[in-house]
Amino acid sequence: MKPNSIKTLILVLTLVFTMKAQAQKGWEMKPVTIQSRWAKDVSPENALKEYPRPQMARGNWTNLNGLWDYAITAKNAAKPLTYEGQILVPYPLESALSGVKRELKPNQNLWYKRTFKKPETKSGDKIKLNFGAVDYEATVFINGQQVGKHEGGYTEFVLDITPAIKTGENEMVVKVFDPTGEGVGPHGKQVLNPANIYYTPTSGIWQTVWMEVVPAASISSLYMTPDIDKGLLNIAANGAAGYTVEVSALADGKVISTVKGATGVNLQLPVKNAKLWSPASPYLYDLTVKLKKGNTVIDEVKSYFGMRKTSVAKDSKGIDRIMLNNKPYYNLGTLDQGFWPEGLYTAPTDEALAFDIRAIKAMGFNTIRKHIKVEPARWYYHADKLGMLVWQDMVNPNQGLPEGSKEAFEKGSKEILVQLHNYPSITTWVLFNEKWGQYDQERLTKWIKTTDPSRIVNGHSGELLYVNEQLRSPAPNAYVAAHMTDVHAYPDPMNSLKQDGKAQVCGEFGGIGVFIPDHQWLAGSAWGYIQEKPAALKAKYTIMNQHLKLFEADGMSGSIYTQPFDVEGEQNGLMTYDREVVKIPFAELRKIHSQLNPDMGTIPDVTAKDADLTEPAQTYSTMLQQYIDGKRDAAFLKKMAMMAGQTGDKAGSARFGAEYVAMLKEPYSAEDIAFMEGITKKVSDKGFAVLMDRAKTDRAVYVKAMNIIYTDVIAPSVPTPQAKPDWAEVEAKVKPYGAPGEEMFLRAKTIHAYNQQDWKTFVEAGEPYLKKYGKNLTEQDRNSFQGAIDKQKGGSSDAVATTGTQGTNPVQDIKVLDDKVKAELIDAVVSKAREGGNTPDWVALTAAITAKYDALIADRNVTRAKLFFYYSKDWKAFASAIVNYTEKYEDPANLSTINTNANFVLEHSTDKEELGKALAWSKKLVEKEPDNEDYKKTYAALKEKL
């Protein structure tokens, strides 16, 4: 059997649908399931008011955060004449703190507008406009004049807007295009359909916007590299040519060293008897840089630096280890992703931004792996001040590597290397992660090492990835040219390969899911590689760290635990997503970590509640008795439904959820709506009416409604690919469900007809599907579909070509999609079941894939997953699975494969219906190739067994 040789045209439902939003007045934070303690402190008057660039500070600046006008238009639309409401900058469009909380589709533009007064200037001064980050493509206009454009959602950019400025009031407009995963650029873990390890997108301005006035000749940037072996700081102050720079280092407020030289030239600033920077003692020197003409100071900036060295070298026993300041230093780290429930990519306040680092240090870690994200400058400043090593990930290329993605990745990575170079906390660059968009690894690893020889380079974190001790995929020439070998192992850690001259690290492990009631982004969900109850987490985590200690003796130099905080659907943090509950007390975590991080330095004072360690089933049992005794209030029923789900009582979850929903009255709160969306499975459920109403303005909800309609209304009429449904009857059944029903009907009819090569019905359904709903598909999918229709209308009687009008290949597209579904959603579930000697919850897995993609994709992938799960484990179940797979998805051209499948059924099944289906396959094979002895033998044996 060849599971990937599928010639079925399944097009992913993408959320690319323009919805008309109601105009909004004023600003208020939108409702969100949970929020951090800092959300209440945010207002239009105080949105991130701190100076945003501590590494090069000036006094004459204007913060432009606050309320801006916004509008969303079609991608090809002109600048809007009117705007829809106000958005709080710099919180992303999709966040609650923006006051908007809307999606930006790949076929839309987001527009920002505000007015500002020209700052006071002297003759010759320039006005610079600074953006911390805008995701993804930003085009900036001042008074109608385009002044600049930047592509890339993670790096800063500066524009000289002086020529476009006028006296008095000025207008600024920013146009943003952000296709998330549908574009070519890096998008991190943002996806249009968040689930499991992928999260809600961030679109638009998500870091501080500010203006500063600088002299005509000014300092544009600093580039600093400490050298503790020579006792000096290498520094280049870039700026206007023909000027002198004067650089002074200060310790505790006193000047200790000064050097002068030309701009753009590396200068060596002596730092004698340097106080070395480390997590235990994060000493920072202050720095003053002056641009001078003769004795006149033209420009001046303030900065700081730390004297530290990172390297890989052999210890006294000849073992290659990570060194800090020329001594072995175990990098005890955790995988921090930088998401917030109310702000997504943007922390609500600067205090919140620093809290994450403080909390991680209070847990006893000395390293943060900043995962697939670049933080604002102040985050790295806090890491420098508090004392925390940082492994900085590059933001991986678009995983499908579409044309242009490699160039976008390298451009963005080059900007990251320059932008973050000066921070002493950053000791390691991480190039690739788990083969996500991997290419040219040796060249790019060497490029980073050459670009920044002062740091160590992790060329591929998790190039070898193990789940439950099973290697996901081999990697020839693994870790080529890197400073370390890095294995990912879930859930339990393992040591990486030993290669001469390279340190060994476990770049990810853990992922223990722990459900904490009332502190979840998604009610009733606790995703993790494994699940533990709060009371069992400490013991499990302690054992993992004891193994790390054993690995350290064998040569391990570092480890990264997944993760410090829950993130949306992932409940595998040591703290909850709202930063309110720590699942193992801070003091206990420090004790566990002390074997690998004995010198923690000053521990920050952080507060959080300790987790309730009561057995969840006992809590649920107590609540169940209260229910029996008559307790029925709404809050109680809602919690009952959540607790039932967490303890595996599906019947109870359905019962209490339905009773809770029945008590709800309009107008529904956002939390009520979210709960109803989560438990609605049928068109007859009360929540379905709410879904349909929300579907008018929310494409994600619209897709969920479509999938319910398919599963509950359409699928019973189309049980197999061979079925000949009465499409008129099906159409009548879906008619009450409006546009979602019609779109799902046309989609199902089109795909079913394609699979049956019923070209008349295919064109009959496909043309209106594309005409009415083609805007909801990706451009590639539209082209594939249109190419198939055009070929049939052109009069060919042949089967449709595998290549669409734009050179797309539906067969290859399906394989790429299926591989992605397998990696994202299937592998962890199946591995966990194998580890526990259980059968996967196929229903729940189907629901998860349906929620992210659609019911058709879910059925295909789960059907195939059953084959691999049951093979050699349960032959009877395998035979049933192979019948289901062959009936639905096996390519009828694969004659030998079908014969093999028939033999499996012959050998392992006693079910007459299954044997009858296998007999029907064999009969067709013999009819096609009457001289094939193997086919005739199988056919005869099946007839005899029946």
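Mentor: A nonpolar core is a set of buried Ala, Val, Leu, Ile, Met, Phe, Trp, Tyr and Cys residues joined through side-chain atoms within 4.5 Å. In this model, which is predicted, the largest such core has 92 residues, and those with the most contacts inside it are Y380, L420, W429, Y541, L574, M575 and F586.

Trainee: Which helix supplies the largest share of this core?

Mentor: Helix α1, spanning residues 350–362, contributes 7 residues, the largest share. As for Y541, leaving aside residues up to four places away in sequence, it touches F365, Y561, L574, I584, L589, I592 and H593.

Trainee: E351 also lies in helix α1; what makes E351 count as buried or exposed?

Mentor: The relative accessible area of E351 is 56%, and the term exposed applies over 50%, so E351 is exposed. Its C-alpha atom is separated by 27 Å from that of L250, which is 101 residues away along the chain.

Trainee: Why are N326 and A481 put in their burial classes?

Mentor: N326 has 40% relative accessibility, which falls between the limits of 20% and 50%, and therefore counts as partly exposed. A481 has a relative accessible area of 17%, and because buried means under 20%, A481 is buried. Phi of N326 is near 70°, a positive value in a residue other than glycine, and A481 likewise has a positive phi near 70°. N326 is in the loop between β21 and β22 (327–328), while A481 is in the loop between β29 (470–471) and β30.

Trainee: Why are β16 and β19 said to stand at the edges of their sheet?

Mentor: The open sheet has 4 strands in the order β16-β15-β18-β19, paired antiparallel. Each of β16 (254–262) and β19 (296–305) has a single partner strand, so one side of each is left without a neighbour in the sheet. From one strand to the next, the twist averages 20°.

Trainee: How do you know that β18 and β19 are paired?

Mentor: Pairing requires at least two bridges, and β18 (residues 285–293) shares 9 of them with β19 in the antiparallel sense, so the requirement is met. K290, for instance, stands opposite E300 in β19.

Trainee: What makes β20 and β21 a pair, and what lies between them?

Mentor: Strand β20 (residues 310–314) is joined to β21 (residues 320–324) by 5 bridges, and because at least two are needed, these antiparallel strands count as paired. S311 stands opposite M323 in β21. The two strands form a hairpin with 5 residues between them, where G318 in the turn has a positive phi of about 85°.

Trainee: Which way do the residues of β24 point, and are they buried or exposed?

Mentor: In a regular strand the side chains alternate between the two faces of the sheet. In β24 (residues 367–370), T367 and R369 point one way and I368 and K370 the other, and all are buried. Strand β23 (residues 331–336) runs parallel to β24 and is joined to it by 4 bridges; the bridge partner of G333 is T367.

Trainee: Why can the radius of gyration of the protein chain be said to agree with that of a compact globule?

Mentor: A compact globule of 946 residues would have a radius of gyration near 30 Å, and the protein chain has 30 Å, so the two agree. Of these 946 residues, 59% count as buried.

Definitions and conventions
Residues numbered from 1 in each chain as written. Predicted model: local features only at pLDDT ≥ 70, side-chain atom pairs only at ≥ 80, totals over all residues. Heavy atoms only, no water. Axes fitted to C-alpha atoms, helices over the stretch in contact; angles between N-to-C directions. Buried < 20%, exposed > 50% of the residue type's maximum accessible area, 1.4 Å probe, protein only. Contact = heavy atoms within 4.5 Å. Rg over C-alpha atoms; globule rule 2.2 N^0.38 Å.
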